Amino acid sequence: MSRSHLDSLESRSIHLLREAYASFPRLCMLWSIGKDSTVMLWLTRKAFFGHVPFPLVHIDTSFKIPEMIAYRDRLAMEWRLQLIVGQNRAALDARRTFPDGALDRIACCRTLKTEALRATIDGSGLRRRLDLRSGQYVTDPDTAPYTGVIVGLRADEEGSRSKERYFSARSEGNQWDIAEQPPEFWNLLKTDFAPGTHVRIHPLLDWTERNIWEYIAREKIPTVSLYYDQGEGTRYRSLGCETCTLPIASTARNPEEIVVELTSGKLKNIAERSGRAQDKDDGGGLETLRRDGYM
């Protein structure tokens, strides 16, 4: 992929981020700790000259791979990020999860991700904020709803995400009506919505998996070590909960080698989320979950 194409993608994403910041006074960004949302975080720092002017929200299911959480906290401290962590503590305390044998994978995702996200966004759930002085998490006194949420999804990632817009409205209950999406013709973006509307912003919608890795290689963006082979002949292509995400056979040790796998190697025609068990349980995609507010 030419440098000019990456520059074009970068420029559009930065424009969308600045447009979102100008349009929504209560704005946050979801940070899954994965490569896409970390690229989005990098783009945000470029858009605002090294600063991230809104909170990052991470929904912690408590079943993430430990390296992911260590990476999250290390980068948040290094970059001085406003990091908010949300959880469905009631479900976790009651052991109402898939790993505990109480739910299937889809119900667990709905409980630990969708419900936790909804409560964190609307302020009804406990928000824990990283204290950059102590490195500890404290209760966030801010309980006002976020009305604009920046999300690092891509149209090529799976079927339901290809139906999104750059600015996509949700109902007050955080539900997604695909038929009611606003048109976005000739680069005209709809940023004015009725009061109470929850809007998701997608700056990476036009990017592909290959674009993401080429950009990571070009910009030298720090990413979780799980993406790379550590000498065992396996690595993770997509990150999530430890119980629902499987590594793939791969000897790629860096972003450049991953790009080779995606363009001419064995991953060329293999779906990115093929190692995510919940996608298979949802009929091969995520539309059921995403209509209810899943990321």
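## Exercises on a predicted model

Helix 6 and helix 7 are roughly antiparallel to each other. The exercises below concern a predicted model.

**Exercise 1.** Determine how the axes of helix 6 and helix 7 cross, and which residues of the two helices meet.

*Solution.* Begin by locating the elements: helix 6 covers residues 209–219, and helix 7 covers residues 255–263. Their axes come within 8 Å and cross at roughly 155 degrees. Angles over 145 degrees count as roughly antiparallel, and the two helices are therefore assigned to that class. The crossing of helix 6 and helix 7 is left-handed.

Next, consider the residues in contact. From helix 6 come Glu209, Arg210, Trp213, Glu214, Ile216 and Ala217. They meet Pro255, Glu256, Ile258, Val259, Leu262 and Thr263 of helix 7. Sorted by class, this contact has seven nonpolar residues, four charged residues and one polar residue.

**Exercise 2.** Classify the aromatic pair of tyrosine 21 and phenylalanine 54 as stacked, tilted or edge-to-face, and identify the cluster to which these residues belong.

*Solution.* The structure holds nine aromatic pairs. In the pair considered here, the ring centres of tyrosine 21 and phenylalanine 54 are 6.3 Å apart, and the planes stand at 50 degrees. Planes under 30 degrees apart count as stacked and those over 60 as edge-to-face, with the rest tilted; the pair of tyrosine 21 and phenylalanine 54 is therefore tilted.

The partners lie in distant parts of the chain, 33 residues apart. Tyrosine 21 belongs to helix 1 (residues 3–23), whereas phenylalanine 54 lies in the loop between helix 2 (35–47) and strand 2 (56–59).

Accessibility is the next step. Buried means under 20% relative accessible area. Phenylalanine 54, at 2%, is therefore buried, while tyrosine 21, at 40% relative accessibility, counts as partly exposed.

Phenylalanine 54 also pairs with phenylalanine 48, at 6.2 Å centre to centre and with 85 degrees between the planes, an edge-to-face arrangement. Phenylalanine 48 is buried, as is phenylalanine 54. Tyr21, Phe48 and Phe54 thus appear together in one aromatic cluster.

**Exercise 3.** Describe the surroundings of aspartate 73: in which helix is its place, and which residues does aspartate 73 touch?

*Solution.* Aspartate 73 is found in helix 3 (residues 66–79). Its relative accessibility is 23%, so aspartate 73 counts as partly exposed. Leaving aside residues up to four places away in sequence, aspartate 73 touches Leu83 and Tyr137. A separation of 8.4 Å lies between the C-alpha atoms of aspartate 73 and leucine 130, which are 57 residues apart along the chain.

Conventions: Residues are numbered from 1 along each chain as its sequence is written. This is a predicted model: local features need pLDDT of at least 70, side-chain atom pairs count only at pLDDT 80 or more; totals for chains, interfaces and linings use all residues. Side-chain values use heavy atoms; hydrogens and water are left out. Axes are lines fitted to C-alpha atoms, for helices over the stretch in contact, and angles run from 0 to 180 degrees between N-to-C directions. Helices (H or I, at least four residues) and strands (E, at least two) are DSSP runs, numbered from the N terminus. Angles under 35 degrees count as roughly parallel, over 145 as roughly antiparallel, 65 to 115 as roughly perpendicular and the rest as oblique. A crossing is left-handed if the near helix is turned anticlockwise from the far one by less than a right angle, and right-handed if clockwise. Contact means heavy atoms within 4.5 Å. Ala, Val, Leu, Ile, Met, Phe, Trp, Tyr, Cys and Pro count as nonpolar, Asp, Glu, Lys and Arg as charged, and the others, Gly among them, as polar. Rings of Phe, Tyr and Trp (its six-membered ring) pair if their centres lie within 6.5 Å; planes under 30 degrees apart count as stacked, over 60 as edge-to-face and the rest as tilted. Buried means under 20% relative accessible area, exposed over 50%, partly exposed in between (1.4 Å probe, protein chains only).
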